[in-house]
Structures are given as C-alpha cells and as structure tokens.
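Ready for a few exercises? Have a look at the sequence and the structure, then try each task before reading its solution.

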Amino acid sequence: MPIRALTRRVACFALLAAGAAGFAVAHAPVPEPQVVRGEQCVAPTDVMRRDHMDFLHHQRDATVIEGLRTPRFSLERCVGCHADKDASGTYLRVDAPGQFCSTCHEYAAVELDCFGCHAARPYQDENAGIDARFPFHGLAFRQPHAGRPGIGATGSVLHD
Amino acid sequence: MNTRYETLGGTGRGYYVPLILLGALAAAGLAASHYMDVHGHVVTGMTNQVVWGMPHVFAVFLILAASGALNVASLSSVFGRGEYKPLARLSGLVAVALLVGGLAVLVLDLGRPDRLIVAMTTYNFKSIFAWNIFLYTGFLAVVAVYLWMMFEPRMNRHTKTAGTVAFAWRFILTTGTGSIFGFLVARQAYDAAIMAPMFIVMSLSFGTAVFILVAVAAGRLAGRTLPDAMLARLKRLLGLFVMAVLYFALAYHLANLYVTEHHGVEYFILVDGGVYTALFWLLQVGVGALVPLALIYLPRFSARRWTPAAAALVVVGGVAQLYVIIIGGQAYPLSMFPGADVSSSFFDGVVASYAPSLPEIVLGVGGIALALLVTLVGMRVLPFMPDRYVDGTGG
Amino acid sequence: MTESARLADRYRRRFLAAVGVGAVLGSGAIRLVELAAAKPDDQPVSGEVRWGMMIDTSKCAEGCTDCVDACNDEHGLDGFGRPQTDAQWIRKLEVRERATGKVTSLPMLCQHCEHPPCVDVCPTGASFRRADGIVLVNKHTCIGCRYCMMACPYKARSFVHENLTDQRPWSPRGKGTVESCTFCVHRIDRDARPACVEACSAAGHGAMVFGDLNDPDSDIARRAREVPSRQVRPDLDLNTGVRYEGI
C-alpha cells in the first residue's frame, strides 16, 4: 500500500534527522551565562544547574500555601542577583535574550513559565530607587539565617 | 435477515468537500484559540462581568447534545426497541464526536490551556468541574466499550449491559453539567436544583435534534436515505422532548416568579432584557419549541420533508436557550444589597454588556466542525452505516 | 501589647514547644529578636489566627478612593484603560437604599470567607484558604476556567485578560489566571497591615481596622463584639472575614 510505504519512509527520515540533530547538539558549546553580581550562589553551580527548578518548585508551594518565606530559594532573590543593568542603569529582564535565564533555557529549548506572572527584574521606583517604598518586601535586605539547619549560610546582601 | 453495516465508501466530492470544509473550520477554531491564548481574553467579548461567553454556550450545547445523541442507541439496547437498532452504532459515534468537540472548545477557552495537565492531575473533589472531568472522559470510555459490544459479534450479548451503563452515565453526566449552574449560590439566575433535571431534558431534546440532522446527512452520503417510518419515529421522539424542555423552562420561571427575591432577574429575562428577552421569546420559545411542535404534530407537515427542519429549529432554539441561561444569567447584576441600588466603577448594579467577538465564535463553530469531522472520519473508518433501516432482531 | 507582638508571642510559644528552649537559646540572640518581631520565615502560618477586617462605613466618605489607590499602587494594578476587563481588587460601592434613600459608601473586596464558594468550585484546588483565613489563588495551578468568578457572591475576582510586564516582585500576577485581594499577604507575613488599611489610617479616616479575629484581645475582635456590624450576604452563612459597621 503506497500510504504505508510513505509512512515508513517518513519515519526513517525523521529518525535520521533526529540523530543528526542530537549529534549537532552534543557538539554545540554549553552556554556560560554571565553572573553579574555577588560572590557565590545559594548552592554550587552544578547543583543549581541541575536542580534549580526543583528548589523553586518546592519553595513556591511552601510560600504560597504555607506562608514560608525563607530567602534561600526565593525567586525574587534569584532575580535580584542575576538581573543585569543596561548602560543607563535600568535593570534588564532575566528572561530577555542573552540574559541569565534565557541563555540556558534557549539552549536547552525549555520554556520559561515563571515570568508571565513574576517580575523578571528587581523593582525600580522612578523616584525613590529600588524597594525604597516597601522595605519589608526586601527579602534582599534580610540578614542570612547563618548556622540554622536547612537554611544556607549564603544570604549575602544582594543589593549593590 | 440481520442488518449488515458498511463503511462509508466512495471518494467523490460528496465526501471530500464536506471533509475539507469541516477540517478548515476546525483548523480555524484552533487558530482562534491560539490567537486568544497569545493576546489574552481581551480579544474576546468576555469581561470581568460576563466571564463565560460564546465558547461556553457552544461547549455546553455540544456536551448536552452528546449525551442526548445516545438516545437512539439507548432505546435499542436498553429499552428493546429494535426498530432503532440500525442507527444505534451511528448514535454512539455522534455522541462521542459531539463530546470531543465540546470538550475541545471548553479546554481551548481556558486562560491557561497549556496547564491541562494540571487539571488532569490535581483535583478538588468538591468542585463539580472536577467531577465533570471524570464524567466526560468516562463517558468517552463507556461509549467506546458500548460501541465495541455492538461491533463485535462475539460481544453482542453484552450490548444491553454496556448500553445500560452508558444510559446511567448519561444521566449522571448531564446532572453534573446542570449542577455547574445549579450549585452557584452567588447569582440570581442560578442556584436552583431544577437546573440538573432541566439540563437532562435539554440534552434529550438537543441530542435527538442533532442526531436527526446527522443521520439524514449520513444517509444521503451513504446513498441510503432514511425511510419515512424512521423519520416519523424520530420526529415523535423529538416532539416529546421539546415539550419536556418547555415544561421545565415553565417550571423554572414560575418558581422564580413566585419568590420576590427573584422578581428582578425574571423581569430582566422575560420583559426588559433586550437581546435576552428577544432570544427567550422568539428563538427559545418560538423558533425553538412552538414552530417545531407545529411541524411535528400538525398532519399537514410530512415527516420526510419537515423533520429535518424541525430538528434544525430545535438546535437554533437550544443554542438560544443556553445563551439566555449562561450569558443572560451573568449579565444580570449580583444582588449584594437587597433593596438597594448599587453603583461602582466595576459595573455593580448595572446590566453587563456582552458582544461576542469573532475569535470566540470561530472557536465555538470550530468545535461543531470538529464533532462533525470526527463523525465523518469515523464513518469512513468503521462500519457504522446499516445496509437497511429495518431490523427484526431487536436488542 | 500590640497585636503583632501578641501574635509573635503565640508563634514564639509554639516554636519553643517544638524545638526546645535550649535550641533557641543556642541559636543566638538575633533569632530571639527576630521572633519577637514577626512570624519567622520558616514557620508555616497558623490556624490559630484568623485575619479579618472591620470597615466603619460612617467614616468612609463618598468619593474617597484612598484605599483603592493604595491597592492599585501596591499590586501594580495599572490597568489598560479598559474598565470592562481591567482588574479591580478593591472598589468603592455607593449603596442607596430604595425605601429610605439612605446612601452608604463602602469598599468592597474579597471577603475572605470561612466557607468560600470560590474554593468549593475550583477544579484544581488553586483557589484555596490559607490556614490563617486568607483566601488566595495559587496561580501556579490556576487553569483560568473562571468558575470561581461565577461562584463569588461579591464579584471580588478579576481575570487577567492581557499580557502583563513589570509586575511588582511581591505581587505576581499574569495573563490567563484569576486574581483577587490577597489581604496583602506579603505584608502580613512581614508583620505589616494591608496597603488599603495603611492608606486609610495614614489619611486620617480610620475607617478600616485589620487584625486577628481569633484573638479576643485584639482591636478587631473587641470591636466585633461590642459594636453592631454585619457581613454582606449573611444569608449565605459564609462567615466572612470582612465585616461592615453601619450597613
């Protein structure tokens, strides 16, 4: 049957194409997103690369449902550290092309679903500067919970 | 002699023109939903006042019709009315197809259709929507099994059991659909237990009407027009259901008219509601019930010529009825402070305006097209069409 | 003792019971200072608290929108100049009794019911009630079906009809999900009052009192006990967290 033959041919072609694509990907350079601020992250880089979505996923449920607001894996803090500024001192979105999040996410072809709702850059008040009106929002301003179990000792002050 | 069933043959225009047309309409519906997804619901007529719009009218119609389209199969398998048996398979196919079309519209209208997986994995079992996810997918499974029992000669003896399960499932399903509105305490037009049985009889009526139209078209496509006796039977069935729907509408409005609290919303729908009043009296009651009843019961209108017309009018009236219930029920303002006039910047205390936009209409029509497309392809792939419309074996 | 200090006191007692005095002392004086100020970041909210709001309509002036403006600013509800689809978390209602002509002005917002119809109908459980009585939408699991908007007797919810950018970091909101007043949950967890209440009292109106309804010594509980107030749509028996005086 011609239809069946055609299907087979299409399937073979698709397999070949997929193999070729896999070969190409294996040889594309792994991106190294620019770190713009701070000495170290809340976990080693290889851990963050592999597990950041699990950290965020866990944190989001804890925060929204139980009101737990530990700063370590707060998305607001991620953005606070990883958002770059342009020449005029305006923050850039972390999901803008070439910026911290999108660099890897484009490489891995994984859609970012955070910043449809979450702020993709720190809050800047035209008059008063970052977070000046809302000091208590400032997760970034809170001191680290040094030495307490389950909370990292890396809560450096994020504001530059 | 037993009925033999055949697939829809022929590769002529009679098959491919409707196939391509329906495919194009379904694709347009998909494109419309994508457009809504990219731009947000601001491109629809839906607002914070009228939160459910045209897609919901179409989706609820298709879902109700799906349940009702199974009438013919149920009559044959459950009630032993052998004269309906030749059309039983088609009845099952149309039921599945309509539900697929309705669900597609409902899902594609979601604010986050990409999160369908969340809806399928995270449940709040107090929500009627959550029940409906199971009732709708379960209906597809139950009817699929039912069709298998009808198709497979070795399984034929289980047809009655499967048909009975499907019959019970339909009632639960439509109860669930009606309860979406019946259990809403917030709004004057809803919050009524009668919603569930009313939706059941609406499903019987709309489903029979849609099935008549599909069966007539399918018969024509297959080159075997429905005999007059079958049309006359289906016509009488439809007449019964149309009267039942009219009765339930009457009971619903009479109950509301007795209660002072509901006079506002009744006055709105029945007298002063503009488009909703017009739709109620002209389309729902006139075109959708009284005219079809005349076509069905006056002897001067022959079954052959006028049954499809009556069915088409019932469909029009059914869509109008759902528009009045769904949109009209939301257009009438909430009653937060009985005995007071309320005003605000958020349209409190005023009748909300709603004008359906093109994308949402295209999405709704796309759902109908998808349902018919599934029917058309199904008839081509599996033997749904009987070689004759008479069967003496019963069951 | 202020209300927040009392609340923190309760948290402290719970914390002490759970972890033991020694551990707390061992973790240093800074911890103790922080505990006395607010709910600790790593403690879940408690069901012992029920946040509520009392609105004195006699102090709520017709045409005054201080609370509304504060809310819009706090949560970035700028709108697109499309009143039919723009979100409103709090709005001013003018209520004119037909029989007497008496006019009352009041803010309408999510009433944070004990038995919220929006939570009942939500298929995914995205609409939920936090242990401390705040009714929220978990936008991570909201599919945008709007059933909650059909179910709310107060028209308290809005659907985000278009793409948003530059949301406030403390108030995530996005297209395709439903939203409503959060009682400024981000402020409450940081031991501050909702923006609307803050604005109303900063402007000297004092028409809104916020606090813990479960704490018999709180201002709001005392007021609810001593001054006549009622809920909107009391017939529904939802036990709202927002109450009104003078209606």
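**Exercise 1.** In this predicted model, find which residue takes a positive phi in the hairpin of β2(C) and β3(C).

*Solution.* Start with the connection: the hairpin has five residues between its strands. Now check the backbone angles there: C:G101 has a positive phi near 80°.

**Exercise 2.** Work out how β2(C) pairs with its partner strands, and how covered β2(C) is.

*Solution.* First, take strand β3 (residues 103–109) of chain C: seven bridges join it to β2(C), in the antiparallel sense. One pair to look for is C:R91 with its bridge partner C:M108 in β3(C). Next, cross to chain B, where strand β2 (residues 340–343) runs antiparallel to β2(C) and is joined to it by four bridges. Here B:S343 has C:E94 as its bridge partner. Finally, look at the covering: of the eight residues of β2(C) (residues 90–97), six are buried, where buried means under 20% relative accessible area.

**Exercise 3.** Test whether the length of helix α1 (residues 13–39) of chain B agrees with its number of residues.

*Solution.* The helix has 27 residues, so at 1.5 Å a residue it should span 39 Å. Its end C-alpha atoms lie 38 Å apart, which agrees. Just after α1(B) comes B:G40, with a positive phi near 90°.

**Exercise 4.** Name the buried residues of α1(B) and some helices that cover them.

*Solution.* List the buried residues: B:Y15, B:L19, B:L22, B:A26, B:G29, B:A32, B:S33 and B:M36. Then look at what covers them, including α4 (88–108), α8 (195–221) and α13 (358–381) of chain B.

Methods
Residues are numbered from 1 along each chain as its sequence is written. Chains are lettered from A and ligands numbered from 1 in the order in which they are written. This is a predicted model: local features need pLDDT of at least 70, side-chain atom pairs count only at pLDDT 80 or more; totals for chains, interfaces and linings use all residues. Side-chain values use heavy atoms; hydrogens and water are left out. Helices (H or I, at least four residues) and strands (E, at least two) are DSSP runs, numbered from the N terminus. The expected span of a helix is 1.5 Å times one less than its number of residues. Buried means under 20% relative accessible area, exposed over 50%, partly exposed in between (1.4 Å probe, protein chains only). Contact means heavy atoms within 4.5 Å. Two strands pair if DSSP finds at least two bridges between them.
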